[in-house]
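Me: I should like a close look at a single part of this model, namely the surroundings of one bound ligand. Please treat the matter in one connected account.

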Amino acid sequence: MVADRDILTVALPKGTLYHNSVKLLGLAGLDTEFVQDPGRQLLLYSVKDAVRFIICRPTDIPTYVEYGAADLGLVGKDTIVEQQKDVYELLDLKFGGCRFMVAVPEGAEQDLHKWNQARVATKFPRIAEAFFRQQGMQMEIIKLHGNIELAPIVGLAEMIVDLVSTGRTLRENKLVPVAEVLNSTTRLIANRVSHRLKNERINPLVEKIRQVVEEGKLEA
Ligand SMILES: Nc1ncnc2c1ncn2[C@@H]1O[C@H](COP(=O)(O)OP(=O)(O)OP(=O)(O)O)[C@@H](O)[C@H]1O
Ligand SMILES: O=P(O)(O)OC[C@H]1O[C@H](OP(=O)(O)OP(=O)(O)O)[C@H](O)[C@@H]1O
(Lines give C-alpha, C1' and ligand atoms only; values in the text may rest on other atoms or scores of the structure.)
(Ligands and ions follow the chains in the order given, each with its own letter.)
Protein backbone atom coordinates (compact mmCIF):
# COMPACT_ATOMS: atom_id res chain seq x y z
CA MET A 1 0.00 0.00 0.00
CA VAL A 2 1.46 3.37 -1.06
CA ALA A 3 0.94 6.24 1.40
CA ASP A 4 -0.56 9.46 0.04
CA ARG A 5 2.66 11.36 0.67
CA ASP A 6 4.50 8.94 -1.65
CA ILE A 7 2.13 9.46 -4.55
CA LEU A 8 3.08 12.14 -7.01
CA THR A 9 0.22 14.01 -8.66
CA VAL A 10 1.00 15.56 -12.04
CA ALA A 11 -1.38 18.01 -13.75
CA LEU A 12 -1.46 17.61 -17.53
CA PRO A 13 -2.80 20.41 -19.78
CA LYS A 14 -5.64 19.29 -21.99
CA GLY A 15 -5.50 20.70 -25.56
CA THR A 16 -2.54 21.89 -27.65
CA LEU A 17 0.13 20.96 -25.10
CA TYR A 18 -1.25 17.54 -24.13
CA HIS A 19 0.47 15.28 -26.63
CA ASN A 20 3.99 16.63 -26.08
CA SER A 21 3.50 16.73 -22.30
CA VAL A 22 2.66 13.02 -22.24
CA LYS A 23 5.46 12.20 -24.68
CA LEU A 24 8.01 14.10 -22.58
CA LEU A 25 7.03 12.32 -19.35
CA GLY A 26 7.18 8.98 -21.19
CA LEU A 27 10.69 9.75 -22.45
CA ALA A 28 11.63 10.65 -18.87
CA GLY A 29 10.73 7.11 -17.83
CA LEU A 30 7.13 7.33 -16.57
CA ASP A 31 4.53 4.83 -17.69
CA THR A 32 2.31 7.08 -19.82
CA GLU A 33 0.83 4.71 -22.36
CA PHE A 34 -2.54 4.60 -20.56
CA VAL A 35 -2.66 8.45 -20.53
CA GLN A 36 -2.18 8.85 -24.27
CA ASP A 37 -5.85 8.43 -25.03
CA PRO A 38 -7.71 9.02 -21.75
CA GLY A 39 -11.20 9.33 -23.26
CA ARG A 40 -13.30 11.37 -20.81
CA GLN A 41 -11.33 10.28 -17.73
CA LEU A 42 -9.88 13.17 -15.74
CA LEU A 43 -7.83 11.22 -13.21
CA LEU A 44 -5.59 8.30 -14.11
CA TYR A 45 -3.37 6.32 -11.77
CA SER A 46 -0.15 4.47 -12.49
CA VAL A 47 0.38 1.88 -9.74
CA LYS A 48 3.78 1.01 -11.19
CA ASP A 49 5.14 4.58 -10.79
CA ALA A 50 2.88 5.66 -7.89
CA VAL A 51 1.91 8.64 -10.04
CA ARG A 52 -1.56 10.14 -10.48
CA PHE A 53 -2.23 12.17 -13.60
CA ILE A 54 -4.98 14.75 -13.53
CA ILE A 55 -6.19 16.33 -16.76
CA CYS A 56 -6.94 20.03 -16.40
CA ARG A 57 -7.78 23.08 -18.50
CA PRO A 58 -4.43 24.87 -19.03
CA THR A 59 -5.79 28.00 -17.29
CA ASP A 60 -6.50 26.00 -14.15
CA ILE A 61 -3.14 24.25 -13.81
CA PRO A 62 -1.42 26.98 -11.72
CA THR A 63 -4.41 26.87 -9.32
CA TYR A 64 -4.25 23.08 -8.86
CA VAL A 65 -0.51 23.35 -8.24
CA GLU A 66 -0.69 26.38 -5.92
CA TYR A 67 -3.22 24.62 -3.66
CA GLY A 68 -1.25 21.35 -3.72
CA ALA A 69 -4.01 19.35 -5.44
CA ALA A 70 -1.19 18.62 -7.91
CA ASP A 71 2.48 18.41 -6.94
CA LEU A 72 3.68 19.15 -10.46
CA GLY A 73 2.13 20.68 -13.56
CA LEU A 74 3.00 21.40 -17.16
CA VAL A 75 1.73 24.70 -18.50
CA GLY A 76 2.58 27.60 -20.81
CA LYS A 77 4.67 30.50 -19.49
CA ASP A 78 1.87 32.77 -20.73
CA THR A 79 -0.58 31.13 -18.33
CA ILE A 80 1.90 31.33 -15.44
CA VAL A 81 2.46 35.06 -16.01
CA GLU A 82 -1.25 35.73 -16.43
CA GLN A 83 -2.39 33.74 -13.38
CA GLN A 84 0.28 35.07 -10.98
CA LYS A 85 -0.13 32.10 -8.66
CA ASP A 86 2.44 31.22 -6.03
CA VAL A 87 4.11 28.25 -7.73
CA TYR A 88 7.72 27.23 -8.23
CA GLU A 89 8.89 27.20 -11.87
CA LEU A 90 11.35 24.33 -12.25
CA LEU A 91 12.16 23.92 -15.94
CA ASP A 92 11.66 25.37 -19.40
CA LEU A 93 10.42 22.37 -21.39
CA LYS A 94 11.07 24.15 -24.71
CA PHE A 95 7.94 22.99 -26.53
CA GLY A 96 4.61 24.70 -27.21
CA GLY A 97 6.46 27.81 -28.34
CA CYS A 98 4.31 30.79 -29.27
CA ARG A 99 4.50 34.56 -29.24
CA PHE A 100 2.07 37.10 -27.87
CA MET A 101 1.71 40.01 -30.23
CA VAL A 102 -0.18 43.27 -30.45
CA ALA A 103 -2.07 43.25 -33.76
CA VAL A 104 -4.10 45.92 -35.55
CA PRO A 105 -6.32 45.76 -38.65
CA GLU A 106 -4.58 46.10 -42.02
CA GLY A 107 -4.57 49.78 -42.97
CA ALA A 108 -4.69 51.02 -39.36
CA GLU A 109 -1.83 52.97 -37.71
CA GLN A 110 1.05 50.50 -37.19
CA ASP A 111 3.22 52.71 -34.98
CA LEU A 112 2.00 51.57 -31.59
CA HIS A 113 3.10 54.75 -29.82
CA LYS A 114 0.79 56.85 -31.96
CA TRP A 115 -2.14 55.09 -30.24
CA ASN A 116 -3.47 56.10 -26.85
CA GLN A 117 -6.63 55.38 -24.90
CA ALA A 118 -7.47 52.65 -27.42
CA ARG A 119 -9.45 49.51 -26.61
CA VAL A 120 -7.47 46.26 -26.57
CA ALA A 121 -9.23 42.88 -26.68
CA THR A 122 -7.40 39.94 -25.13
CA LYS A 123 -7.74 36.67 -23.28
CA PHE A 124 -4.71 37.70 -21.18
CA PRO A 125 -5.58 41.03 -19.50
CA ARG A 126 -2.71 41.07 -16.98
CA ILE A 127 -0.09 40.40 -19.66
CA ALA A 128 -1.60 43.08 -21.89
CA GLU A 129 -1.95 45.62 -19.09
CA ALA A 130 1.65 45.13 -17.93
CA PHE A 131 2.93 45.52 -21.48
CA PHE A 132 1.12 48.80 -22.13
CA ARG A 133 2.07 50.12 -18.68
CA GLN A 134 5.74 49.46 -19.52
CA GLN A 135 5.26 51.37 -22.76
CA GLY A 136 3.78 54.28 -20.78
CA MET A 137 0.48 53.85 -22.62
CA GLN A 138 -2.99 53.93 -21.10
CA MET A 139 -5.30 51.49 -22.81
CA GLU A 140 -8.70 50.06 -22.04
CA ILE A 141 -8.33 46.30 -21.75
CA ILE A 142 -11.36 44.21 -22.74
CA LYS A 143 -11.24 40.61 -21.53
CA LEU A 144 -12.61 37.99 -23.92
CA HIS A 145 -12.49 34.20 -23.71
CA GLY A 146 -11.53 33.27 -27.28
CA ASN A 147 -11.69 34.18 -30.98
CA ILE A 148 -10.01 37.46 -30.05
CA GLU A 149 -9.36 38.34 -33.70
CA LEU A 150 -13.08 39.02 -34.13
CA ALA A 151 -13.05 42.07 -31.82
CA PRO A 152 -11.38 44.65 -34.13
CA ILE A 153 -13.34 43.38 -37.15
CA VAL A 154 -16.67 44.22 -35.54
CA GLY A 155 -15.52 47.39 -33.76
CA LEU A 156 -15.37 46.03 -30.22
CA ALA A 157 -11.70 47.04 -29.95
CA GLU A 158 -9.08 48.87 -31.98
CA MET A 159 -6.40 46.21 -31.46
CA ILE A 160 -5.73 42.85 -29.83
CA VAL A 161 -3.07 41.14 -27.77
CA ASP A 162 -3.11 37.47 -28.68
CA LEU A 163 -1.09 34.40 -29.20
CA VAL A 164 0.44 33.97 -32.65
CA SER A 165 1.83 30.64 -33.74
CA THR A 166 1.82 30.21 -37.55
CA GLY A 167 0.27 33.65 -38.15
CA ARG A 168 -2.59 32.13 -40.14
CA THR A 169 -5.41 33.41 -37.90
CA LEU A 170 -4.10 37.00 -38.11
CA ARG A 171 -3.72 36.81 -41.91
CA GLU A 172 -7.15 35.30 -42.50
CA ASN A 173 -8.75 38.05 -40.40
CA LYS A 174 -6.76 40.87 -42.03
CA LEU A 175 -4.74 41.80 -38.97
CA VAL A 176 -1.05 42.67 -38.82
CA PRO A 177 1.29 42.15 -35.86
CA VAL A 178 2.92 45.41 -34.71
CA ALA A 179 4.73 44.57 -31.45
CA GLU A 180 5.89 41.56 -29.48
CA VAL A 181 4.59 41.26 -25.94
CA LEU A 182 5.85 37.90 -24.68
CA ASN A 183 7.58 34.75 -25.87
CA SER A 184 6.13 31.64 -24.27
CA THR A 185 7.11 27.97 -23.98
CA THR A 186 5.80 25.21 -21.71
CA ARG A 187 7.16 25.10 -18.16
CA LEU A 188 7.28 22.49 -15.41
CA ILE A 189 5.90 23.96 -12.19
CA ALA A 190 5.76 22.60 -8.65
CA ASN A 191 3.80 23.24 -5.50
CA ARG A 192 6.22 24.92 -3.05
CA VAL A 193 5.51 22.55 -0.15
CA SER A 194 5.57 19.40 -2.31
CA HIS A 195 8.89 20.52 -3.74
CA ARG A 196 10.36 20.37 -0.23
CA LEU A 197 8.47 17.40 1.21
CA LYS A 198 8.52 15.17 -1.87
CA ASN A 199 12.00 16.11 -3.06
CA GLU A 200 13.09 12.48 -3.16
CA ARG A 201 10.41 11.79 -5.75
CA ILE A 202 10.53 15.11 -7.56
CA ASN A 203 14.27 15.75 -7.96
CA PRO A 204 15.17 12.54 -9.87
CA LEU A 205 12.17 13.02 -12.18
CA VAL A 206 13.11 16.65 -12.83
CA GLU A 207 16.67 15.58 -13.68
CA LYS A 208 15.39 12.99 -16.18
CA ILE A 209 13.07 15.54 -17.76
CA ARG A 210 15.94 18.04 -17.94
CA GLN A 211 18.04 15.45 -19.82
CA VAL A 212 15.26 14.70 -22.30
CA VAL A 213 14.83 18.43 -22.97
CA GLU A 214 18.57 19.10 -23.30
CA GLU A 215 19.06 16.18 -25.67
CA GLY A 216 16.18 17.45 -27.84
CA LYS A 217 14.57 14.01 -27.72
CA LEU A 218 11.04 15.39 -27.87
CA GLU A 219 11.44 16.67 -31.43
CA ALA A 220 13.01 13.40 -32.61
N1 LIG B 1 -1.04 27.67 -31.77
C2 LIG B 1 -1.37 27.66 -30.49
N3 LIG B 1 -2.64 27.92 -30.13
C4 LIG B 1 -2.99 27.89 -28.82
N5 LIG B 1 -2.14 27.66 -27.80
C6 LIG B 1 -0.86 27.42 -28.11
C7 LIG B 1 -0.42 27.40 -29.45
N8 LIG B 1 0.88 27.13 -29.45
C9 LIG B 1 1.23 26.99 -28.17
N10 LIG B 1 0.20 27.18 -27.34
C11 LIG B 1 0.24 27.07 -25.85
O12 LIG B 1 -0.82 26.22 -25.45
C13 LIG B 1 -1.49 26.76 -24.32
C14 LIG B 1 -2.88 26.17 -24.22
O15 LIG B 1 -3.62 26.43 -25.36
P16 LIG B 1 -4.97 25.65 -25.71
O17 LIG B 1 -5.51 26.35 -26.93
O18 LIG B 1 -4.74 24.19 -25.79
O19 LIG B 1 -5.85 25.87 -24.44
P20 LIG B 1 -7.09 26.80 -24.22
O21 LIG B 1 -8.26 26.24 -24.96
O22 LIG B 1 -6.66 28.22 -24.53
O23 LIG B 1 -7.35 26.54 -22.69
P24 LIG B 1 -7.58 27.55 -21.52
O25 LIG B 1 -8.74 28.41 -21.94
O26 LIG B 1 -7.82 26.71 -20.32
O27 LIG B 1 -6.28 28.35 -21.40
C28 LIG B 1 -1.37 28.26 -24.53
O29 LIG B 1 -1.55 28.97 -23.33
C30 LIG B 1 0.05 28.37 -25.07
O31 LIG B 1 0.98 28.37 -24.01
O1 LIG C 1 -1.05 31.85 -35.49
P2 LIG C 1 -1.99 30.67 -35.55
O3 LIG C 1 -1.29 29.40 -35.86
O4 LIG C 1 -3.16 30.91 -36.47
O5 LIG C 1 -2.57 30.44 -34.07
C6 LIG C 1 -3.08 31.49 -33.32
C7 LIG C 1 -4.48 31.23 -32.88
O8 LIG C 1 -4.50 30.11 -32.00
C9 LIG C 1 -5.10 30.49 -30.76
O10 LIG C 1 -6.48 30.27 -30.81
P11 LIG C 1 -7.16 28.91 -30.40
O12 LIG C 1 -7.30 28.04 -31.59
O13 LIG C 1 -6.44 28.32 -29.21
O14 LIG C 1 -8.62 29.40 -29.99
P15 LIG C 1 -9.11 30.61 -29.06
O16 LIG C 1 -9.09 31.83 -29.91
O17 LIG C 1 -10.49 30.21 -28.70
O18 LIG C 1 -8.18 30.73 -27.86
C19 LIG C 1 -4.86 31.99 -30.67
O20 LIG C 1 -5.77 32.61 -29.79
C21 LIG C 1 -5.00 32.44 -32.11
O22 LIG C 1 -6.34 32.69 -32.42
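Reply: For the sorting used below, Ala, Val, Leu, Ile, Met, Phe, Trp, Tyr, Cys and Pro count as nonpolar, Asp, Glu, Lys and Arg as charged, and the others, Gly among them, as polar. The model is predicted, and the part considered here is the shell around ligand 2. On that sorting, this shell divides into three nonpolar, six polar and three charged residues. Its members are Gly146, Asn147, Ile148 and Glu149, together with Asp162, Leu163, Val164, Ser165, Thr166, Gly167, Arg168 and Thr169.

Two elements of secondary structure, β9 (159-164) and α6 (168-172), each supply at least two residues of the shell. The greatest share comes from β9, which gives three residues.

Ser165 also belongs to the surroundings of ligand 1, where it is listed among the closest residues with Gly15, Thr16, Thr59 and Gly76. The shell of ligand 1 comprises 14 residues, divided into four nonpolar, eight polar and two charged. At least three residues of that shell come from each of domain 1 (4-96 + 185-214) and domain 2 (98-183).

The strand β9 has a further role in the packing of helix α4: the buried residues of α4 pack against β9 as well as β7 (119-122), β8 (140-143) and β10 (175-184). In α4 (residues 125-134), the buried residues are Ala128, Phe131 and Phe132. These lie on the same side of α4 because they cover an arc of only 90 degrees around the axis. Arg133 and Gln134 are exposed on the face turned away from that buried side. After α4 comes Gly136, with a positive phi near 70 degrees.

Definitions and conventions: Residues are numbered from 1 along each chain as its sequence is written. Chains are lettered from A and ligands numbered from 1 in the order in which they are written. This is a predicted model: local features need pLDDT of at least 70, side-chain atom pairs count only at pLDDT 80 or more; totals for chains, interfaces and linings use all residues. A residue is near a molecule or strand if its C-beta atom, placed from the backbone, lies within 6 Å of it. Domain bounds come from an automatic or database domain assignment. Helices (H or I, at least four residues) and strands (E, at least two) are DSSP runs, numbered from the N terminus. A residue is buried if 20 or more other C-beta atoms lie within 10 Å of its own, exposed if 12 or fewer, and partly exposed in between; C-beta atoms are placed from the backbone. The arc is that of the directions from the helix axis to the C-beta atoms. Two residues are in contact if their C-beta atoms, placed from the backbone, lie within 7 Å.
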